[in-house]
Amino acid sequence: MADHPLAPFDAVLLHSFGGPEGPEEVLPFLRRVTGGKGIPDERLREVGQHYDLFGGRSPINELGRELARHLRAELADRGAEVPVTLGNRHSPPFTTDALAELVAGGADHVVALRTSAWRSYSGCRSYRENLADALEDPRLDGLAVDQVSPYYASPGFAATNAELVIDALAEALERDPDARLLFVTHSIPDAMDLTSGPGEDEERDYSRAHAALGAAICDEASRRLGREITGELTFCSRSGPPTMAWLEPDVGDRIEELAAEGATSVVVAPIGFVSDHMEVIYDLDTEAAATAERVGVRLVRVPTVGTDPRFVSGLADLLMDRAAMARGESPPPRSWAGLTVPPTPCAPGCCPNLREARPALGDLR
Ligand SMILES: CC1=C(CCC(=O)O)c2cc3nc(cc4[nH]c(cc5[nH]c(cc1n2)c(C)c5CCC(=O)O)c(CCC(=O)O)c4C)C(CCC(=O)O)=C3C
Ligand SMILES: [Fe+2]
């Protein structure tokens, strides 16, 4: 076993969603994302146009590679000189190929870290299914893969979001004491929200956890800014047929309503996302910004955690904790403002696939 603080792991997979990096990749990417899910063609064409606005290129892979570089440097600073490689579910570099590259470089025990902080089928189990699929590849024979659990409550993610929100809000309130605060995340089908989380008594973990982080950030902001701060959770990027219930309200609809109530500035905090990919630069910076302008509201968009050193350092802590667990130790759970990352959150039945039962890589073994 390697003698460094990340042992027994000898490599890190930064496990991400993927996105097109050129116009010719847009349609194949969309077909892979929606394969068999019955997303109407009309919606696919519409989403394709969002990418067209940015030259057919999503920033997501470049942002992922940048995060991987930062994480690699942070781990090296702590004495763990290991490769950190981006592997995607829906676009090159695919998970299987990224893992095969790590194996070719000598890795036999990889730790996978998702670029999704939250629990739901889309952000949790679907990544675990992707790893189970990847491990069918003969190039990966003998490879062991462990995963970091959803980390929305970790200090690196939660406290960094709080700092970013408080900075933006303080400035907005100086200009406009009536500025409103909206937290934003990806909408998901109501049925997916209902079953998100580790077990029956923990249903709606996706929307409840977002609401809990929003409330904790408001408490911290109230203390720091010396006045009562409230916020609301809103959603973006809804898809699926209109007949199907998805989480609401949509961020744009809520901005219109706030304008009708007389609000003139809105601070929008995308706590659902770790970087400025399409959901942020299109749904918020393009679409919601146009709505805000139309109804005369000044929109301030809070940065995502991205490669903020506080976030990178927090991710390194989580990787070190996971390594300690793999060595049979019991590191204390990380927490911030009363929110705690449970040590064993990914129970075998968590965040079920409602369409079909498929193998998913377990979290702890
Ligand atoms: C919870 C969640 C996250 C966060 C967790 C995570 O990060 O994993 C996320 C991330 C992302 N979603 C992304 C893109 C897309 N998501 C789609 C469709 C869907 N997302 C869903 C949920 C989520 N999605 C759901 C329930 C669907 C319906 C179809 C299905 O049941 O799967 C579609 C299809 C077309 C449409 O929008 O309808 C696209 C193109 C990109 C890439 C952006 C870029 O390219 O920069 C990213 C990071
Ligand atoms: Fe999505």
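This is a short tutorial conversation on reading a predicted model of a protein chain with a ligand.

Biologist: Before we look at any feature, what pLDDT does the protein chain average?

Modeller: Good place to start, since the model is predicted. The chain averages a pLDDT of 94, and 96% of its residues score at least 70. For the complex, the predictor gives an ipTM of 0.94 and a pTM of 0.96.

Biologist: Thanks! Now the ligand. How many residues surround ligand 1, and which are the closest?

Modeller: The shell around ligand 1 holds 24 residues. Gly19, Ser58, Ser239, His277 and Met278 are the closest of them. Sorted by class, the shell has 13 polar, 8 nonpolar and 3 charged residues.

Biologist: Which helices supply at least two residues of that shell?

Modeller: There are α1 (23–34), α2 (41–52), α5 (121–134) and α10 (278–294). Of these, α1 gives the most, with 3 residues.

Biologist: And from which domains does the shell draw at least three residues?

Modeller: Both domain 1 (11–151 + 307–335) and domain 2 (155–301) contribute at least three residues each to the shell around ligand 1.

Biologist: Let's turn to helix packing. What describes two packed helices?

Modeller: The general idea is friendly enough: one quotes the angle between the axes and the distance between them. Take α6 (residues 155–175) and α11 (residues 309–326) as a case: their axes come within 8 Å and cross at roughly 160°. Because angles over 145 degrees count as roughly antiparallel, α6 is roughly antiparallel to α11. Their crossing is right-handed.

Biologist: Now try me on another pair. At what angle do α9 and α10 pack?

Modeller: Helix α9 (residues 251–260) packs against α10 at about 15°, and the two axes are 9 Å apart. Angles under 35 degrees count as roughly parallel, so α9 and α10 are roughly parallel to each other. Here α9 passes α10 in a right-handed crossing. You have met α10 already, as one of the helices that supply at least two residues of the ligand 1 shell.

Biologist: And how are α4 and α5 oriented to each other?

Modeller: Helix α4 (residues 95–104) and α5 pack at an angle of about 60°, with 9 Å between their axes. They are therefore oblique to each other. Once more, look at the handedness: the crossing of α4 and α5 is right-handed. Like α10, α5 also supplies at least two residues of the shell around ligand 1.

Biologist: Last topic, the backbone. Which peptide bonds should I look at for cis geometry?

Modeller: Omega is the angle to read. From Ala7 to Pro8 the peptide bond is cis, with omega near 10°. Pro8 sits in the segment before β1 (11–16). From Pro92 to Pro93 the bond is also cis, with omega near -5°. You will find Pro93 in the loop between β2 (84–88) and α4, and α4 is the helix that packs against α5 at about 60°.

Biologist: What is the phi of Ala337, and where does that residue lie?

Modeller: Ala337 has a positive phi of about 50°, although it is not a glycine. Look for Ala337 in the loop between β9 (335–336) and β10 (339–340).

Note on methods. Residues numbered from 1 in each chain as written. Chains lettered and ligands numbered in written order. Predicted model: local features only at pLDDT ≥ 70, side-chain atom pairs only at ≥ 80, totals over all residues. Near = placed C-beta within 6 Å. Helix = DSSP H or I, 4+ residues; strand = E, 2+ residues; numbered from the N terminus. Nonpolar A, V, L, I, M, F, W, Y, C, P; charged D, E, K, R; others polar. Domains from an automatic or database assignment. pLDDT = per-residue confidence, 0-100. Axes fitted to C-alpha atoms, helices over the stretch in contact; angles between N-to-C directions. Parallel < 35°, antiparallel > 145°, perpendicular 65-115°, else oblique. Left-handed = near helix turned anticlockwise from the far one by under 90°.
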